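Good morning. Please look at the screen while I go through one structure, starting from a single residue and working outwards.

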Amino acid sequence: PVMTQPPSVAAHPPPPPPPPMFQPPTVGGQTAMLIPPKAIQPFPTNVGATSVRMASTSALIRTADLCDKYMESPSRVQIVEPGLFHDYGAKRYFSGKMETIRCFESNPLVRKTLETPGRGRVLVVDGGASRRVALLGDQLAALAHQNQWAGVVVNGCIRDSAVIAAMPVGVKALCTHPLKSTKTHMGERGCPVSFGGVEFVPGHYIYADEDGIVVSEKELTLDE
């Protein structure tokens, strides 16, 4: 009988070589030092040993709940005309005693005020509803957070909205505008201002969230 050769078996391909060890990048021919990223720390709610009392006793008081409780009571609240203001800060609900500024297309007094301790207050800026310049940008929003202002409501425009969106401070405004304001006049501080069908009085209370803005002469709570 004729002997036949068994069919050849194809050899398995060799396994791929192990991946090379990670090589750190070099800068100017020298190995760069890699620093591991630090864990993101929460923003503080106190300064030193003095606890900052955020206004209205609770940051979770919702305007809808306040309306349910107080619209038919002697402490009837006022509601800002809906659809005017948009949220720009990362903090969508904020409240506190009001401080007010009236200025038109010039914001030195806004900066000067936000450089002072906010103590949980809300700054209300009546810019005359101008849409030609911005009265607040990322630097002033950072000042607001740094100095413990609960939020800022601007009857006008802001800018640097993408940066402000990541800041843990409340910011409401009519819209955005890339042009900064002038520095030609100071304006007025601590005076009643009116817009959106509501009068904003220094020392009165303001409550803001995604549903709108509510104003009251007295501090409101949801306690029974």
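Start with L114. Setting aside residues up to four places away in sequence, L114 touches L123, L136, L140, L143, A144, N147, W149 and V152; contact here means heavy atoms within 4.5 Å.

Before going on, a word on where this comes from. This is a predicted model, in which local features need pLDDT of at least 70 and side-chain atom pairs count only at pLDDT 80 or more, while totals for chains, interfaces and linings use all residues. Residues are numbered from 1 along each chain as its sequence is written, and side-chain values use heavy atoms, with hydrogens and water left out.

Back to L114. It is listed with V110, L136, F200 and I206 as having the most contacts inside the largest nonpolar core, which has 43 residues. A nonpolar core is a set of buried Ala, Val, Leu, Ile, Met, Phe, Trp, Tyr and Cys residues joined through side-chain atoms within 4.5 Å. Buried means under 20% relative accessible area, exposed over 50%, and partly exposed in between, with a 1.4 Å probe and protein chains only. Strand 10, residues 151–158, gives the most to this core, with five residues. Helices (H or I, at least four residues) and strands (E, at least two) are DSSP runs, numbered from the N terminus. There is also a second, separate core of 10 residues, including Y207.

Y207 takes us to strand 15, residues 205–209, where five of five residues are buried. Which way do they point? Y205, Y207 and D209 point one way, and I206 and A208 the other way.

Strand 15 pairs in the antiparallel sense with strand 7, residues 94–102, over four bridges, and with strand 16, residues 212–216, over five bridges. Two strands pair if DSSP finds at least two bridges between them. Y207 stands opposite S95, and in strand 16 its bridge partner is V214. A hairpin of two residues joins strand 15 to strand 16.

Next, E105, in the loop between strand 7 and helix 2. Why does E105 count as buried? Because its relative accessibility is 13%. Its side chain makes a polar contact with the side chain of R132, at 2.6 Å. A polar contact is a pair of N or O atoms within 3.5 Å; within protein, one must be able to donate a hydrogen and the other to accept it, and residues adjacent in sequence count only if both atoms are side-chain atoms.

Finally, the whole chain: it has four helices and 16 strands, and buried residues make up 40% of its 224 residues.
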